[in-house]
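Visitor: I would like to go through this model with you and hear, for each label, what justifies it. Could we take the labels one at a time?

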Amino acid sequence: MAIKQNTATIVGHLGSDPDVRDSRSGVWARFSVAYNVNRKAGNGWEEETHWIRCKAFGHTAERVRDTFQKGDNVSVVGELRVSRWESDGVER
């Protein structure tokens, strides 16, 4: 059995109700999880909010739809994927 090397756990709060949709290939859900990080700013500390966009598919998407809503504390385990695209000749 191979060990999966790209596993991430995100713990935070849902920023809005999950956006759940049906497609030809099944149900999918989009949602964002927010978490706060304290960082040094001048002579003190400043709280900064980070947002992670998440997607779920199939049975997991249905559970997200039926269980969670804006503000709920959640723990998401999955793999990280980086999106890259080109816009006006600039790679993003």
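Guide: What follows is a conversation about a predicted model, in which each label is set against its cut-off.

Visitor: What makes the contact between Glu 48 and Arg 39 a salt bridge?

Guide: The closest N and O atoms of Glu 48 and Arg 39 are 2.8 Å apart, and the criterion asks for a side-chain nitrogen of Lys or Arg within 4 Å of a carboxyl oxygen of Asp or Glu, so the contact between Glu 48 and Arg 39 is counted as a salt bridge.

Visitor: Why are Glu 48 and Arg 39 given the label that they have for accessibility?

Guide: Glu 48 has a relative accessibility of 27% and Arg 39 a relative accessible area of 35%; because buried means under 20% and exposed over 50%, Glu 48 is called partly exposed, and Arg 39 is likewise called partly exposed.

Visitor: How do you know that Asp 66 and Arg 65 meet in a salt bridge, and which label does each carry for accessibility?

Guide: Their side chains come to 3.0 Å, N to O, which is within the 4 Å of the criterion. Asp 66, at 58% relative accessibility, is exposed because its value is over 50%, whereas Arg 65, with a relative accessible area of 42%, falls in between the two limits and is therefore partly exposed.

Visitor: What makes Arg 81 and Glu 79 a salt bridge, and are the two partners buried or exposed?

Guide: The side chains of Arg 81 and Glu 79 meet at 3.0 Å, N to O, so the cut-off of 4 Å is satisfied. Arg 81 has a relative accessible area of 71% and is exposed, while Glu 79, at 37% relative accessibility, is partly exposed.

Visitor: How many salt bridges does the structure hold, and which residues are linked in a network?

Guide: The structure holds six salt bridges, and a network of them links Asp 19, Arg 21 and Arg 30. Arg 30 belongs to strand E3 and, with a relative accessible area of 37%, is partly exposed; its C-alpha atom is separated by 9.2 Å from that of Asp 17, 13 residues apart along the chain.

Visitor: Why is Pro 18 called buried?

Guide: The relative accessible area of Pro 18 is 15%, and buried means under 20%, so Pro 18 meets the condition. Pro 18 is found in the loop between E1 and E2, and its C-alpha lies 7.9 Å from that of Ser 32, although the two are 14 residues apart in sequence.

Visitor: Where is Ser 23 found, and how far in space is it from Val 33?

Guide: Ser 23 is in strand E2, residues 19-23, and is partly exposed at 34% relative accessibility. Ser 23 and Val 33 are ten residues apart in sequence, and their C-alpha atoms are 23 Å apart in space.

Visitor: What makes Lys 40 count as a charge that sits over the ring of Trp 45?

Guide: The charged end of Lys 40 is 5.8 Å from the centre of that ring, and the distance part of the criterion is within 6 Å; the label also requires a position within 35 degrees of the ring normal. As for aromatic pairs, the structure holds zero.

Visitor: What is unusual about the phi of Asp 88?

Guide: Most residues other than glycine have a negative phi. Asp 88, although not a glycine, has a positive phi of about 55°; it is found in the loop between strand E6 (86-87) and strand E7 (90-91), and at 77% relative accessibility it counts as exposed.

Visitor: How much space lies in the largest pocket, and which residues are the closest to its centre?

Guide: About 1,000 Å³ of space lies in the largest pocket. Among its 26 lining residues, Arg 53, Cys 54, Lys 55, Ala 56 and Glu 79 are the closest to the centre.

Visitor: Which element gives the most to that lining, and how does the lining divide by class?

Guide: E4 gives the most, with six residues, and the elements that each supply at least two include helix H1 (58-67) and strand E5 (73-78). By class, the lining has 16 nonpolar, five polar and five charged residues.

How values were computed: Residues numbered from 1 in each chain as written. Predicted model: local features only at pLDDT ≥ 70, side-chain atom pairs only at ≥ 80, totals over all residues. Heavy atoms only, no water. Buried < 20%, exposed > 50% of the residue type's maximum accessible area, 1.4 Å probe, protein only. 1 Å grid on protein atoms, 1.4 Å probe; cavity = no way out; pocket = protein on both sides within 12 Å on 5 of 7 lines; lining within 4 Å. Points joined across faces, edges and corners; volume = space filled by probe spheres on them. Helix = DSSP H or I, 4+ residues; strand = E, 2+ residues; numbered from the N terminus. Nonpolar A, V, L, I, M, F, W, Y, C, P; charged D, E, K, R; others polar. Phe/Tyr/Trp six-rings, centres within 6.5 Å; stacked < 30°, edge-to-face > 60°.
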